Amino acid sequence: MRFGLLYHLQVPRPWTEGSEEKVIREALEQIELADRVGFDYVWATEHHFLDEYSHSSAPEVLLAAAAAKTERIRLAHGIVTLPPAVNHPARVAERLAMLDLVSGGRVDFGSGQGSTQHELGGFGVERATKREQWREAITVITRMLTEVPFTGHQGQWIDMPPRNVLPKPKQKPHPPLWVACSSPETIAAAARYGMGALSLAFITVEEAAEWVRSYYELIASDECVPIGKAVNPNFSVVMPFMCHSDAETALDRGLDGAYSLFYGFMHYYLNGQHYPGKTDLAAEFAQAREMVGLTRNSNADLNPELKARIDSLRMGIGTPSQLKDMIRAYEDAGVDQIIFQTQIGTTKHEHICEALELFGSEVIPEFAGRREAGDAAKQERLAVPIKEALGRIEPNTTDVSDYVIMTDMQAPPAPAPGR
């Protein structure tokens, strides 16, 4: 089991002139502390136009700043949105490789299709084609990271001539690949592509056990054909987090942030009506939370599935002993990493730092102590299936040895305007 932190850079209203800067500086302090106390990953999401819910529109900048402040923690994109209208594949490859070199080879590359119409519509991306755009883009990006030179691509969504995309990453053949998942279908796709499953849904231990079983069965099957040049067999789950020696204090400090996160998710992904720059999400949450069951002791009449999701928000909030019990259950279910969300809502920076310190001193050592043996057993179990999967990768390059780029001085003169 490994542990990560996921940053949305939430900035709830009311805003002041320094609100965003304060959140970013606090996040970097938390990441530096997490590195020191033994966390394994920091994940930075990419979102656009989502007032209050996420101001993390340039995660590569945050991760580069974190690289300068840390020594061992892995710096992970969770996720880069890949439709080319949002991020051109060459720019993604260039930024990934640069960050990998700056950090000494500590980058993980999580990617996704983009989810909300709020974001995709802002870039003119059609929801009906976003999956096909993602698949074409991730294939092109992994080639750009490994080919010298990149031999070009002409596809449905991406056209690019041969170029040597620079720099190249420190990790070979490229940083580990992950993909955002929220359903059994997308988990299965991750396994078939040989990618780590970045499960961004709040799932129970029972759901995790079933999803993990299916994921690793597919990784070990003939259906696994890596979309990149390597296999990254890993399954993660995400949950809100707060740790304190007193259970009630942990809930006092962490539950409102978890509920605020969930309300923001419902607003942007499910049923919200948003007026850009005007909607006050924090005020709406305060007014509606009791009606939708997002209070400490809710009596709202909720359907069982929604109630189970809301109850699951508490799983990562508790004492070190309670969190150990929860983590052991997910460990037994086969989960490889738990990613905690703690910079959420109005959760106080000092409470987050105290929680990270306590978790690092009283929880992480137990699981880190048996990690080496677990990693060795997993490597032995998957060695043959991964070798066979890599053998299914088909070459997709062409011979461009005679391809020449003419400089401006050698190219024919452009016609005069109007002729």
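# Cavities and unusual backbone geometry

Biologist: Happy to look at this one with you! What is the volume of the largest cavity?

Modeller: This is a predicted model, in which local features need pLDDT of at least 70 and side-chain atom pairs count only at pLDDT 80 or more, while totals for chains, interfaces and linings use all residues. Residues are numbered from 1 along each chain as its sequence is written, and side-chain values use heavy atoms, with hydrogens and water left out. A cavity here is a set of points on a 1 Å grid over the protein atoms alone where a 1.4 Å probe fits but cannot get out, and its volume is the space filled by probe spheres set on the points, which are joined across faces, edges and corners. For the largest cavity, that gives about 50 Å³.

Biologist: Which element supplies the largest share of the lining of that largest cavity?

Modeller: The lining residues (those with an atom within 4 Å of a point) are Glu46, Glu60, His77, Val80, Val92, Arg95 and Leu96. Helices (H or I, at least four residues) and strands (E, at least two) are DSSP runs numbered from the N terminus, and β3 and α3 (89-102) each supply at least two of the lining residues. The largest share, three residues, comes from α3.

Biologist: How many charged residues does the lining of the second largest cavity have?

Modeller: That cavity holds about 40 Å³ of space, and its lining consists of His48, Thr81, Val86, Gly114, Glu119, Leu120 and Phe123. Ala, Val, Leu, Ile, Met, Phe, Trp, Tyr, Cys and Pro count as nonpolar, Asp, Glu, Lys and Arg as charged, and the others, Gly among them, as polar. The lining divides into three nonpolar residues, three polar and, as for charged, one.

Biologist: Turning to the backbone, what joins Gly78 and Ile79?

Modeller: Most peptide bonds are trans. Ile79 sits in strand β3 (residues 74-81). Between Gly78 and Ile79, omega is about 20°, and the link is a cis peptide bond.

Biologist: And what is omega between Val148 and Pro149?

Modeller: Pro149 belongs to the loop between α5 (130-146) and β5 (153-154). A cis peptide bond joins Val148 to Pro149, with omega of about 0°.

Biologist: Is Leu9, with its positive phi, buried or exposed?

Modeller: Leu9 is not a glycine, yet its phi is about 55°; this residue lies in the loop between β1 (2-7) and α1 (19-37). Buried means under 20% relative accessible area, exposed over 50%, and partly exposed in between (1.4 Å probe, protein chains only). With a relative accessible area of 5%, Leu9 is buried.

Methods
1 Å grid on protein atoms, 1.4 Å probe; cavity = no way out; pocket = protein on both sides within 12 Å on 5 of 7 lines; lining within 4 Å.
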